[in-house]
Amino acid sequence: MRPGPGTYRVDGRIYASVLGLLQRRPPLVRIVPLSGRYIPKPRDVVVGTVTDVQGTFWLLDIGAPRWTPLHMTGTPWKIDFGETGQYLRVGDAVVVAVESIEATGRIGVTMLGEGLGKLEGGTIATISPAKVPRVIGRSGSMIRTITTLTGCKVVVGQNGRIWVDGSPEGIIRARECLRLIEEEGQRSGLTERVQAYLDSTQTPGSTHDHRSHVLGEIPHSVGGPREAEVILPPPADAAEPEGPAEGSEDDARPDGAPPDEY
Amino acid sequence: MGSIGAKEVPVLLSPEGRRIDGRRLDELRPLKITAGALHEADGSAYVEWGANKVMAAVYGPREVHPRHLQQNNKAIVQCRYNMAAFSVDERKRPGLDRRSQEISKVISEAFESVIFAEEYPRTSIDVYIEVLQANAGTRCAGIVAASVALADAGIPMVDLLPSVAVGKVAGEIALDLKKEEDNYGEADVPMALVPQSGRLVLLQMEGHLTAPELARALELGVRGCRSIYETMKQALRDRYATGEAAEPQGAA
């Protein structure tokens, strides 16, 4: 067995370097982390906020270890040098896709692509990036439940930032659902409990018909009304909402507990 | 009453070998650790150790704030140890003093030696240790709390860092001094151990010990650290246990 992500080897023995679940997939031993900051992967769709405006680029906070530059060439706008501030200002929210991760830890993102762009209005909820698959549910079932029953528009970033917009009570209910998922995401019957919560708080006029007149559009990304209100990450990621493959996890082990002798 | 100027040295060790709070020489004070005690931090822990109460919060890896501190090949580790004004019986002047600066520095260096900092170049891992109530051995309690908080924050490390102080009380080497023992004792030796390698990454001494006494102190301290290590691991298991236990029955 060789040491995989989340482990290190000393004198032929493999130790965990992060808190997580042990996974043996020959020839690798790895630890699936239970916590930690968002670690970007190429093709991830993430929600971020602008933290700084420069002449040719913006810096975004996407919850990763470092701020992420969004260059003006990666946007749908035709911008001259120094005009960046007219398009995005500090505090604005955007949906971008991760393009590249350099060895230096620098992250490259783009706003060009379907479903990407600036987010107008709404609020952003933050959950642990590890819980994102739960929010989406099996092939989008959970998120579809939430959007239909609250009438909200929702954008789920792989970084755990979730943008929600709709009627005021819709937003409150949707955020409550996200809180439920965050806190009880590991327990079974989650979808049922979220459904029960939404049914119990159902108020007349808080569903579907709200959507059409309450919501603004996402500019230049979603051209006109779309069937799906949800922007899902690439299918490869959404396909495994139930956590690590069955039978492959042992117990939570803190740092340094030797997961395996080699 | 009328104790001003009076020197009442308490009896630190009974003839039966019991200490001021009834412990034996090699016994620790009760230790309780709660991982994930704060919501906004990336990782956190709350420790009650005897009468010590310490909160630790970890932020990061994140953007380095004064920029010039940034290192191109690794993350920097910045610890801040701070005692609350109300943590001791005579109000402590708030803010940085020489003692807390020194402790912040030695704790930062201890953690630098166990964190895999190269994994996050140009970032900062910030550790805040707040002593809410002090009763000797607060730097050790701080290290224990910070270490659990770092694991809770998902920071890659060689190992957790259990820590304890050993001292000399009434001529005997004793584990984990409490306030009276520290004040009236003859020596105080805080240490922090990397259980995986058996290396000490923090070792300080105040007072006087002979070489054989120091050897005995180290032996006792390392044993204390190993016991604390188990409590630390259990705190982390407890934090994540709920989800995990329920998971296997999910489909049924």
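# A tour of three helices, two cis bonds and the low-confidence stretches

Helices α3(A) and α4(A) are roughly antiparallel to each other. The model in the viewer is a predicted one.

**First stop: α3(A) and α4(A).** Select these two helices of chain A together. They pack at an angle of about 150°, and 10 Å lies between their axes. Because angles over 145 degrees count as roughly antiparallel, the pair falls in that class. Viewed as a crossing, α3(A) passes α4(A) in the right-handed sense. Next, display the side chains where the helices meet. On α3(A) the residues are I172(A), R173(A), E176(A), C177(A), L180(A), I181(A) and E184(A). Facing them on α4(A) are L190(A), R193(A), V194(A), Y197(A) and L198(A). Colouring this contact by residue class gives eight nonpolar and four charged residues, with no polar ones.

**Second stop: add α2(A), against α3(A).** Keep α3(A), residues 168-184 of chain A, and select α2(A), residues 141-150. The two helices pack at about 155°, and their axes are 9 Å apart. That angle makes α2(A) roughly antiparallel to α3(A). The crossing of α2(A) with α3(A) is right-handed. To see the contact, show M142(A), I146(A), L149(A) and T150(A) on α2(A), then G170(A), R173(A), A174(A), C177(A) and I181(A) on α3(A). Six of the residues in this contact are nonpolar, two are polar and one is charged.

**Third stop: α2(A) against α4(A).** Hide α3(A) and bring back α4(A), which spans residues 190-200 of chain A. What is the angle between α2(A) and α4(A)? It is about 5°, and the axes lie 10 Å apart. The outcome is that α2(A) is roughly parallel to α4(A). From α2(A), select M142(A), T145(A), I146(A), L149(A) and T150(A). From α4(A), select L190(A), T191(A), V194(A), Q195(A), L198(A) and D199(A). The contact divides into six nonpolar residues, four polar residues and one charged residue.

**Fourth stop: backbone details.** Move to P26(A) and P27(A), which are joined by a cis peptide bond with omega of about 5°. P27(A) is placed in the loop between β4 (20-25) and β5 (28-33) of chain A. From there, go to R43(A), in the loop between β5 and β6 (45-53) of chain A. R43(A) has a phi near 80°, a positive value in a residue other than glycine. Now switch to chain B and select G60(B) and P61(B). The peptide bond from G60(B) to P61(B) is cis, and its omega is near 5°. Where is P61(B) placed? P61(B) is in strand β3 of chain B, residues 52-63.

**Fifth stop: the domains of chain A.** Colour chain A by domain. The assignment gives domain 1 as 2-36 + 243-253, domain 2 as 45-118 and domain 3 as 121-233. The centres of domain 1 and domain 2 of chain A, taken over C-alpha atoms, are separated by 33 Å.

**Last stop: confidence.** Recolour both chains by pLDDT. For chain A the average is 79, and 76% of the residues score at least 70. Select residues 205-229 of chain A: the pLDDT there is below 50, and the stretch has 43 contacts in the model beyond near neighbours in sequence. Then select residues 231-262 of chain A, where the pLDDT is also below 50 and the stretch has 94 such contacts beyond near neighbours in sequence. Chain B averages 92, with 93% of its residues scoring at least 70. In chain B, residues 243-252 have a pLDDT below 50, and this stretch has twelve contacts in the model beyond near neighbours in sequence. Predicted coordinates should not be read in detail where pLDDT is low. For the model, the scores are ipTM 0.86 and pTM 0.83.

Terms used
Residues are numbered from 1 along each chain as its sequence is written. Chains are lettered from A and ligands numbered from 1 in the order in which they are written. Side-chain values use heavy atoms; hydrogens and water are left out. pLDDT is the predictor's confidence in each residue, from 0 to 100. Contact means heavy atoms within 4.5 Å. Domain bounds come from an automatic or database domain assignment. Axes are lines fitted to C-alpha atoms, for helices over the stretch in contact, and angles run from 0 to 180 degrees between N-to-C directions. Helices (H or I, at least four residues) and strands (E, at least two) are DSSP runs, numbered from the N terminus. Angles under 35 degrees count as roughly parallel, over 145 as roughly antiparallel, 65 to 115 as roughly perpendicular and the rest as oblique. A crossing is left-handed if the near helix is turned anticlockwise from the far one by less than a right angle, and right-handed if clockwise. Ala, Val, Leu, Ile, Met, Phe, Trp, Tyr, Cys and Pro count as nonpolar, Asp, Glu, Lys and Arg as charged, and the others, Gly among them, as polar.
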